[in-house]
Structures are given as C-alpha cells and as structure tokens.
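Subject: Structure for your review

Dear colleague,

I am passing on the structure we spoke about, and below it I have set out what was found. Please read the notes with the model open beside them.

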Amino acid sequence: MNDMTPTSAERAAKLEGMGCKRKRVEDIRFVQGKGNYVDDIKLPGMLYGDLVRSPHGHARVKKIDTAKAAALPGVVAVITAETLKTVNLAWMPTLAGDTQMVLADGKVLFQNQEVAFVIAESREAAADAVELVEVEYEPLPVNVDPLKAMTDGAPMIREDLKDKTDGAHGKRKHYNHIFSWQAGDKAAADAAFAKAEVTLREMIIYPRVHPCPLETCQCVASFDKIKGELTLWGTFQAPHVIRTVGSLISKIPEHKIHVIAPDIGGGFGNKVGAYPGYICAIVASIVTGRPVKWTEDRIENLSTTAFARDFYMDVEIAATKDGRVTGLRCYTIADHGAFDACANATKWPAGLFSIISGSYDFPAAYCLVDGVYTNKAPGGVAYRCSFRVTEAAYCIERAMDIMAHKLGMDPAEFRMKNLIRREQFPYTSAFGWQYDSGDYQTALKKAMESVDYKKLREEQEAKREAFKRGETRDLMGIGVSFFTEIVGAGPSRACDILGIAMFDSAEIRIHPTGSGICRLGTKSQGQGHETTYAQIIATELGLPADSITVEEGNTDTAPYGLGTYGSRSTPVSGAATAMACRKIKAKAQMIAAYMLEVHDDDLEWDVDRFRVKGNPERFKTMTELAWAAYHQVPPGMEPGLEAINYYDPPNFTYPFGAYICVVDIDVDTGQTKVRRFYALDDCGTRINPMIIEGQIHGGLTEAFGIAMGQEIRYDADGNVTTASFLDYFLPTAVETPHWETDWTTTPSPHHPIGAKGVGESPNVGGVPCFSNAINDAFAFLGSTHIQMPHDHWRTWMAAEKLGLHA
Ligand code: CDP
C-alpha cells in the first residue's frame, strides 16, 4: 500500500452509506418541477370524474334526477348507487371489516358524502354537471357527539346494521356501537387503584384532525377491454394492498390489475385506504371504455377523506405519595364516523393504543375502547402516527403532567422517577408489549441539561411571582414530554391487513458493472426513500449509493409489500434491504474465494471488498465480483447477482424521545409564542442524519399545527365548519417555531442494522409537549387540563375561566 492508496475510512466515506448526510437524490427532479404526479398523467381520450356530495349531515335520499346533468354538452355519463348495484359495487368493504357506501344508497350519513359521479370530457364540464344533478333529501336528526352515540334515542346512523348484534370485532351493545376492545389486566389495575395513595382522573380529548398532504387523493383508471386489464395510477401509500383488495372487490384477476403509485406529494396516512372516488373512476372506465381521472379538491379532502384521532380518553393514574406510579386505567370512546374505515392492522380496532403506559414502569394497567358511529366522515388514519400511538402518547403525557402537579413534583423529575430503567430492557409492559431497547434516563438527562432546565424553572418561578404582583400579564409555560413509539408493523403474528400478513420486501439486482436496482414494496411520499435505501445497500455491499437506483410503487415490478405508513419502512423494508444485501454478499464471497483460490472462511470483509485474512493486498472489490458474477462463477453456481428478501420482523421497534418546549402566553389576548422547542430523538442506528432532521422538522411542524389549532369541527346540524384552510390551521413558515434537534443512539437489538423508525416520532412526542407547555403555564393558578387545540381563543378562554381578566 502506498501513501496514495485510500484508507478504509476514505473508501467508506466515498460510498455515502449509512451515517452520511447524503443529499436527497429525488430532490433533483422535485425542485425542478420534474416530479411525475398523478395529475401529470394525461392519457389519450381521458375523461374526468367529479362527485355530487350531500349538503346534509344525515338525510334520506328520496330521489336523484340526473337528466339535466346528463344532457349537458361534454357529459358522458352519471353514475349513482343504482348503477353500481348492477356490478355489485354500491358498497365496498373497509380495512376495518365494515362496509361503506360507495355512493349514497337510501341515506346520506355525513355532510359531503358521495352521492353521484359525473363523467365528462373535461374537468370543467364535470364540475358544471355536478351542479345540475337534482337530489331530493329528507333531513334526519343528526348526532355528531360520540359521547351521546350510545344513549337511548340517539339517531340510528347505520340502518343496514340494525339487526346485527355482532360486528367485525365481537358483540355490539348499541345500534351505534362498532366494537369494544380491551387490553391489560383489569383485576390487577383495579387492585392498584383500591390501595392507591393518590389518584387522578381526567377526560382528555384528542380532537378530530386531518392530515394535509400538499397533493390531495386522486387516481386515473384505465380499463383495456381487449386484454381485460385494469391499470390504476393513484396516490397510494400501499399499492399492493390496493391491487389485492381491488381484485377481491372487482373480481378482475389480480394479475390483470396494474397499480402504479407515481410520485406522491405527502400522505401522512391519508392515502392508505380506498375511497369511493377510486371505485367510481374504475367503474366509469369499465363502462365508457376510456381512461377516467378523479381528482379531489381541498374541501373534499379535508371533509371526506380519512380523518385522524377523535378519541375521548377518560384516564386514571394511581401513584404513591412520593411519586411512584402504581396503576393505569383508561376508558376511551372512539368516534369512527359513519363507517368504520379505520386504517389499522385488521385485528386491532383501536390500533396500538395499548402502548398507553408509555415510557413508564406501570406495574398494572388496563384499557377499554368503544368505537361508535356518528354523522361524521369515516376514517381513523395514522396521521403521522403508528396506529393510535399518538392518542396514547398524548393521553399518558398529559396525565403524567397533571399527576406531577397534583403531587407537587416537577414534571421532569416525576417522569425521571418512573421511566423504565436501562437495565429493564428488553422490557415487557403491563399490556404485554416487549420494548426492544432504550436508555430513557440518559435521554431525559441530556435534554434537561441541553436547555438548562433548572434555570428555566427558576425563571418561570420569578415570572409567576411577578404575575401575582401584577407586574406582567405574561405567563411562562415549560412543556416536557417523554414518549415511546411502537413502529414497524409488523410481526405477522400480531398484524395483518385483511388477512395479508404485514411483512415487507426488497429485491436487489446488481448489474455486471457494479451498479444496481433495488425494488421495494414500500412507497415514499416525500420521506427520501430513494436516498436512504441506497445508503443501506452502499454500506452492506460496498457499492457507492449513487450507483443504486431505488424503485417503489409499481405492483408489476416491485415484490409484494404492505406499503409505507406508521414509520414501518425502515423497521421492515430497511431490514429486508439489508437481508437481501447479505444474500448477495454471501454469493459474492464464494465468487471471491474461487477467484482468489482460498477457502470462503479465509476471507474478511473490508468496506467494499473481500480480502484474504493476513494478506490484505490480495482482494476482490465488489465491483470486480459483480463483473465476475456474470462470467466467472465457480462451477455449478448460477450466474447473476441478485436477491430478494421478504422480511417478517420478529418484533416492533420502539423509538423514543425527550422533548422540552418553552412558551410565553399573553393572558389578555391568548397569544402564545413558542420561545424554544428542543427535540431529542433516539431512532437507533441513523441512516441519514440530514433526512432524520428533516423528518423531525416536518413532524414537529405538524405537531405544532395539531396542538395549536387544528380541529375538524361539526356544528349540531352536522355541517363541517372547518373544511378549508381559511378555517383549518395549517402552519406556514411564518408561524412555525425554530426547532432544536438532538439525538441519542440505542440500536434495536433485533433489526439487522439496528435502525428504528423515526417519521412519526416528532408528532407523537410534539403534540403533548406543546399541550403540556400551555397547561403548565396555567397550572400554578389551579388549572388542571385545558383541551386542545390551544388556539388563541381557547387560551384566552382558559384565562377568562380562571378569572384573570377581572
Ligand atoms: O415509513 P416511513 O418512511 O414514513 O418512516 P421511517 O421508516 O421512519 O423513515 C423516514 C425516513 O427517515 C426514511 O428516508 C428513512 O430512511 C430515514 N431514517 C433514517 O435515516 N434512519 C432511521 N433510523 C430511521 C429513518
């Protein structure tokens, strides 16, 4: 080796593998406006579909007259439930085991529900014709309050289920009841409460919110009558699931359906499920023999496609006087709207909500969730969340703060005392989850030191005294949250979607010149998968990340996978990628041994090559081995260098984090300024620190939006009053605070590269942190819990209730 020979470290740096802040390769096309989204797809002869929607929250549909609409120039057809019945598609199955009307069949159950589908030569003609469809409605009593859904005399939402005493998840106890689901040990929890020294009980509401991807939901359906094949381009977070479910519903054989998710402008759970617009576009294409595009507008997206949260959590904590938690109970009413179209793993009607014991060592815990129907839009998606983890984390983190105040303890100290200790991992929670790894105390300590927590509390104390003396009208709040996520659905023993086990996949093909392609069952919606999967391969195979193409979203080419949501891509497909690499590497090692005329075991791996142990001058690089794989393989070995891996994770991964936020509130206006927000995340092995930081910035911004203003509201008549960005808070760069990010690294012991997911974490930890900060500001005045969202009006009202405006 001479001085010019690059060292192993220099060679490793050139690969831009794991740990490198590699620039996002997809941004080259995105920032130049060269992305290829569904709306960019324009096929010859393409028609446009638009939906007639209900102005009522609950009404009987007496008559639909489509004559005037059909007569409008440019209109090709108008489809109603009656048309869909001829192909047995008036109703469709949901992921949660319920059925949902595709187009109104006898009744409408929520405002803006789909009633008819107009197909026209242009978007404009379709929109004009929507106005001409005449629907006669007979309004019915409305219920949008989940707490009243199971009372006597509440309006019956689902007449189709009137006589059904059983639902998809067991007995129904009321005509508006969907399911009861419980976890934990009730007797043990009750016993803990019976002998508790201190208890608290609080109703904690996580309002109905909605993810706001830049791009709304849309599709283009093109049915080829000659071949009997359907091609469906769409904004799909889970293309293979759409293909399988599409085949089961339409009876078109699965191999004759081609689902393609091109570039997607954000998903956040909103694009997991199937919507009536997709079904209508498919039927329209079959009926007309022409491609049909359906594009949702913003109002339709906000008011009808899958909402998130809407959980009413009656939580209790038991503790000793000196601040040790002894028990947890939570009864939740989950508002699922008019149809149970919740996008959960099928066996989990309340998702992974039983992660509600959070990061704390509760010896006993129990939770019960009742799902109910109301006159609201269906959904229940994991908006930057892993199946109801966000609700659970919000609930426990608010409850822990309230308990700390009740005990007269500092909220951070109270948490520190109850956090699961490092030596307890792998830790089995009272709900039975096996937390894979963690070092919680170190993370919280680092967070507290980084913001100088002690000094902040001293400043707060001085400000409180000044407030009491009337010298200031500002209140200072310090929010602390410590969260544990559960991501990477999932082990197939625990998770499936409609019977399809939740694994994921990667297929890697290395070309003779040492470049390659990796195809996966996941689908990026902006997370940077094209950049990061290539980094895993770079480190695993010693090939430059730049030489690997990453392709997702085409069911014809990608191996079967369950898609991207709930931060599952890294825990599941990231693992599949590493495992496929290892198969390739094992083959390459045999080729190297053959070429170097040594035994396999005499070789060792060095960044990008196999070298002979004790004789590092004799080696074969991965690029050389790729070439050899196509013309110089050992006798009896198949040529080529490729592998596929379907990865069924042995467990979830459990990322965690410690967040601290400081706010200043003007009690006379309710105006809240976020002075500081510090987020420490631990997602195990970090693949791309720059992308992680971007994920955290995005997730925190969404958390800020949710905590400080987002809510899908309905009035008593069932009108949705927040269906545009004039009424629904979407933070812009102007409102968004500055984020300080930090990390610790505790690898997952069961993941091939030790990585855990990260995309959801900032939302899971961020929302309670903001809410705790607002609540903390008022806590010394006797306030227990102010419900979200903490917009200026509600914050002003909280001050008013405390008599601060007198
Ligand atoms: O499933 P989804 O892509 O939404 O979530 P994720 O697995 O948390 O990954 C989000 C992005 O962060 C991806 O580009 C990952 O590769 C990256 N990431 C990372 O660089 N290191 C980790 N330990 C986890 C995620």
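A polar contact is taken here as a pair of N or O atoms within 3.5 Å. By that cut-off, the 2.8 Å between a polar backbone atom of Gly-759 and an oxygen atom of the ligand is such a contact. Please bear in mind throughout that this is a predicted model.

The ligand site

The ligand is surrounded by 22 residues, and the closest of these are Gln-527, His-529, Ser-569, Thr-570 and Val-758. Two of those residues also reach the ligand through side-chain atoms: an N or O atom in the side chain of His-529 is 2.7 Å from an oxygen atom of the ligand, and a polar side-chain atom of Thr-570 lies 2.7 Å from a ligand oxygen atom.

Helix 18 and its partners

Helix 17, which spans residues 689–708, packs with helix 18, residues 761–779, at an angle of about 45 degrees, their axes being 8 Å apart; the two are therefore oblique to each other, and their crossing is right-handed. On the helix 17 side the contact includes Gln-695, Ile-696, Gly-699 and Phe-704, and these and others meet a set of helix 18 residues, among them Pro-762, Gly-766, Phe-770 and Ile-774. Sorted by character, the residues of this contact are eleven nonpolar, four polar and one charged.

Helix 18 also packs with helix 10, here at an angle of about 25 degrees and with the axes 9 Å apart, which means that helix 10 is roughly parallel to helix 18. Helix 10 contributes residues including Val-389, Tyr-394, Arg-398 and Asp-401 to the contact, while helix 18 contributes, among others, Val-764, Ser-771, Asn-775 and Asp-776. The residues of this contact divide into seven nonpolar, six polar and four charged. The crossing of helix 10 with helix 18 is right-handed.

Helix 10 and helix 11

Helix 10, residues 389–407, and helix 11, residues 411–418, have axes that come within 9 Å and cross at roughly 110 degrees, so helix 10 is roughly perpendicular to helix 11. The contact is formed by residues of helix 10 including Met-400, Met-403, Ala-404 and Leu-407, together with Pro-411, Phe-414, Arg-415 and Asn-418 of helix 11; its residues divide into six nonpolar, two polar and three charged. Glu-397, Asp-401 and His-405 of helix 10 take part in this contact, and they also appear in the contact of helix 10 with helix 18.

With best wishes

Notes: Residues are numbered from 1 along each chain as its sequence is written. This is a predicted model: local features need pLDDT of at least 70, side-chain atom pairs count only at pLDDT 80 or more; totals for chains, interfaces and linings use all residues. Side-chain values use heavy atoms; hydrogens and water are left out. Axes are lines fitted to C-alpha atoms, for helices over the stretch in contact, and angles run from 0 to 180 degrees between N-to-C directions. Helices (H or I, at least four residues) and strands (E, at least two) are DSSP runs, numbered from the N terminus. Angles under 35 degrees count as roughly parallel, over 145 as roughly antiparallel, 65 to 115 as roughly perpendicular and the rest as oblique. A crossing is left-handed if the near helix is turned anticlockwise from the far one by less than a right angle, and right-handed if clockwise. Contact means heavy atoms within 4.5 Å. Ala, Val, Leu, Ile, Met, Phe, Trp, Tyr, Cys and Pro count as nonpolar, Asp, Glu, Lys and Arg as charged, and the others, Gly among them, as polar. A residue is near a molecule or strand if one of its heavy atoms lies within 4 Å of it. A polar contact is a pair of N or O atoms within 3.5 Å; within protein, one must be able to donate a hydrogen and the other to accept it, and residues adjacent in sequence count only if both atoms are side-chain atoms.
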